[in-house]
Amino acid sequence: MDTVRKPRRFGIIGSIVGLLALLVSALTQLLPAAHLAQPAFGQVTEPAAPKAKDHVIFHTKRFEITKSREASEQRTVGTTWNEVLSTTAAALGMLAIALAVFAVIFREEKLLAGIAAVLGAAAIAVQIWWVLIIVAIAVFILNAFLS
């Protein structure tokens with residue numbers, strides 16, 4: 001009895017990358033917003049409004065309306081940890097899906113390829129949460145039509 005084992009290389013690597021993508025994606029939702037809003041690389045800040053305090057909004061010969069704006073808060077310039085984690089999760093999710101596609105192309109086990117694709121898609125869906133709502137509504141509608 002000679003059995004041929006199917007290779008599993010892309011499926012296993014894709015599943016590990018998909019799991020890592022889902023973990024990073026979950027971090028963006030579970031960590032406090034105060035930690036995620038901090039700048040990722042350096043502490044560069046700039047005023048939220050221009051330095052000039054009086055801005056002329058409307059001006060005619062005899063009538064002038066001015067509004068004063070103060071720089072009430074500082075905003076960070078650059079990349080925040082939330083942006084870094086979101087981009088990393090989406091990139092790892094896409095990599096997991098790509099590895100799942102390669103696993104199917106090279107005729108590896110479809111179960112591992114499916115797991116990698118689902119984990120990658122879930123990591124991206126957590127970042128784009130409204131996709132989950134649309135999928136839930138679509139499943140509900142399909143269930144209503146098929147029942």
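1. In this predicted model, a charged side chain meets an aromatic ring at the start of helix α1, which covers residues 9–30. Arg9 lies over the face of Phe10, and its distance from the ring centre is 5.4 Å. Phe10 is a good residue to follow through the next points, as it also takes part in ring pairs with Phe102 and Phe106.

2. A pair of aromatic rings is described by two values, the distance of the centres and the angle of the planes. The count of such pairs comes to 2 here. In one of them, the rings of Phe10 and Phe102 have their centres 5.9 Å apart, and their planes meet at 45 degrees; because an angle that is neither under 30 nor over 60 degrees counts as tilted, this pair is tilted. The two partners belong to distant parts of the chain, since Phe10 sits in helix α1 while Phe102 sits in helix α3 (residues 81–105), 92 residues apart. Phe102 has a relative accessible area of 40%, so the residue is classed as partly exposed.

3. Phe10 and Phe106 make an aromatic pair of the stacked kind, with 5.5 Å from centre to centre and 15 degrees between the planes. This pair, too, links distant parts of the chain, for Phe106 is placed in the loop between α3 and α4 (110–127), and Phe10 in helix α1 is 96 residues apart from it. With a relative accessible area of 49%, Phe106 is partly exposed, because the exposed class begins only over 50%. Taken together, the ring pairs join Phe10, Phe102 and Phe106 into a cluster.

4. Is Ile16, another residue of helix α1, buried or exposed? Its relative accessibility is 56%, and because exposed means over 50%, Ile16 counts as exposed. The C-alpha atom of Ile16 is separated by 8.1 Å from that of Ala96, although these two residues are 80 residues apart along the chain.

5. For the protein as a whole, the secondary structure consists of 5 helices and 4 strands, and reading along the sequence gives the pattern α-α-β-β-β-β-α-α-α. Of the contacts between residues at least 6 apart in sequence, 76% join residues that are at least 24 apart.

6. How much of the protein is buried, and what does its exposed area consist of? Buried residues account for 23% of the 147 residues. The protein exposes about 11,100 Å², and carbon and sulfur atoms supply 67% of that area.

Technical notes: Residues are numbered from 1 along each chain as its sequence is written. This is a predicted model: local features need pLDDT of at least 70, side-chain atom pairs count only at pLDDT 80 or more; totals for chains, interfaces and linings use all residues. Side-chain values use heavy atoms; hydrogens and water are left out. Helices (H or I, at least four residues) and strands (E, at least two) are DSSP runs, numbered from the N terminus. Buried means under 20% relative accessible area, exposed over 50%, partly exposed in between (1.4 Å probe, protein chains only). Rings of Phe, Tyr and Trp (its six-membered ring) pair if their centres lie within 6.5 Å; planes under 30 degrees apart count as stacked, over 60 as edge-to-face and the rest as tilted. A charge sits over a ring if NZ of Lys or CZ of Arg is within 6 Å of the ring centre and within 35 degrees of the ring normal. Contact means heavy atoms within 4.5 Å. Accessible areas come from the Shrake-Rupley method with a 1.4 Å probe; for residues, only the protein chains shown count as cover.
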